[in-house]
Amino acid sequence: MGQIEWAMWANEQALASGLILICGGIVATAGQFTQWYFGVYSIVAGVLVCLLEYPRGKRKKGSTMERCGQKYMTAVVKMFGPLTRNYYIRAFLHLALSLPAGVLLATILGTACLAIASGIYLLAAIRGEEWTPIEHKPRELPQVGGTIKQPPSNPPPRPPAEARKKPSEGQEEDAAVGGPQTNPLPVTDEVM
C-alpha cells in the first residue's frame, strides 16, 4: 500500500475548523456572551485560517483537484515563502490560534477541530511533507491532421477483420471498372 499524505487531511480539517470557528464566533458575538470579544477573535482567526488553508497543496503522487478560484489565493500564500510552506510552522500557528478561542462554549468545537488539524500538520511535518503549489502545465492541443484516420470503406454492419474476404485480382478489376458481373450459377428462365 502507498504512503498516506497527511497534509491533505490536515488541509481539509483546518479549512473545516476555520469555518466552524467563524460560525461559533458569530454565535458568541451576536448572542452577546459575557466574553463576546473572544467571539470576535474567533471570527478573525477563522477567516485567517480559511485564507491560509483554501489553496490545496500538490500531492506527491497522482493528480490534485484544484479548488475553485484557488490560483488567486495560491499566489498570496506563495508570497510568504517558508512561513506557509513549512508544516511545522503551520502546526504551531494553528495551535496558537486555537487556544484563545477555547474560552467560550460557542467556539470550543472550532478550537478542538483546529487543535486536531494542528496535530495532523505536525505528523505531516515529521514525515517530511511540505506544501507545494499546484502548477499548471500548458495543454497540448491535438493536431487536427494527426487524429483523423481513413473512414471505413464498407458500410456497417461489418464482419470481424479475420472474417473479411480479400478480393482476388480479377474481381478487383471488375469492381474498379464498374462493368457487369458474371453470376457463377447458371440462371434459366423456366416458368411452370
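**Notes on the helix 3 and helix 5 region**

1. Let's start at a turn: right after helix 3, Gly81 adopts a positive phi of about 60°. Keep in mind that this is a predicted model.

2. For orientation, the protein has eight helices and zero strands, so to speak an α-α-α-α-α-α-α-α run from the N terminus on. Of its 192 residues, 27% are buried. Take the contacts between residues at least 6 apart in sequence, and 72% of them join residues at least 24 apart.

3. Back to helix 3, which spans residues 70-79. Which of its residues are buried? Gln70, Met73, Thr74 and Val77 are. These four sit on the same side of helix 3, because the arc they cover around the axis is only 110°. Look at the face turned away from that buried side and you'll find Tyr72 and Met79, both exposed.

4. What covers the buried residues of helix 3? The cover includes helix 2 (37-53), helix 4 (82-85) and helix 5.

5. Helix 5 covers residues 87-101, and Arg90 is one to click on there. Is Arg90 buried or exposed? Its relative accessibility is 1%, and buried means under 20%, so Arg90 counts as buried. The Arg90 side chain has a polar contact, at 3.4 Å, with the side chain of Glu53.

6. Arg90 has further neighbours worth displaying. Leaving aside residues up to four places away in sequence, Arg90 touches Leu52, Glu53, Val77, Thr84, Tyr121 and Trp131. Val77 in that list is also one of the buried residues of helix 3.

7. Now the pairing of helix 5 with helix 6 (residues 108-126). Two packed helices are described by the angle between their axes and the distance between the axes. Here the axes come within 8 Å and cross at roughly 165°. Since angles over 145 degrees count as roughly antiparallel, helix 5 and helix 6 are therefore roughly antiparallel to each other. The crossing of helix 5 past helix 6 is left-handed.

8. As for who makes that contact, helix 5 contributes Tyr87, Tyr88, Arg90, Ala91, Phe92, His94, Leu95, Leu97, Ser98 and Ala101. From helix 6 come Ile108, Thr111, Leu114, Ala115, Ser118, Tyr121, Leu122, Ala124, Ala125 and Ile126. Arg90 is thus part of the contact with helix 6, besides its polar contact with Glu53, and Tyr121 of helix 6 is among the residues Arg90 touches.

Conventions
Residues are numbered from 1 along each chain as its sequence is written. This is a predicted model: local features need pLDDT of at least 70, side-chain atom pairs count only at pLDDT 80 or more; totals for chains, interfaces and linings use all residues. Side-chain values use heavy atoms; hydrogens and water are left out. Helices (H or I, at least four residues) and strands (E, at least two) are DSSP runs, numbered from the N terminus. Buried means under 20% relative accessible area, exposed over 50%, partly exposed in between (1.4 Å probe, protein chains only). A polar contact is a pair of N or O atoms within 3.5 Å; within protein, one must be able to donate a hydrogen and the other to accept it, and residues adjacent in sequence count only if both atoms are side-chain atoms. Contact means heavy atoms within 4.5 Å. The arc is that of the directions from the helix axis to the C-beta atoms. Axes are lines fitted to C-alpha atoms, for helices over the stretch in contact, and angles run from 0 to 180 degrees between N-to-C directions. Angles under 35 degrees count as roughly parallel, over 145 as roughly antiparallel, 65 to 115 as roughly perpendicular and the rest as oblique. A crossing is left-handed if the near helix is turned anticlockwise from the far one by less than a right angle, and right-handed if clockwise.
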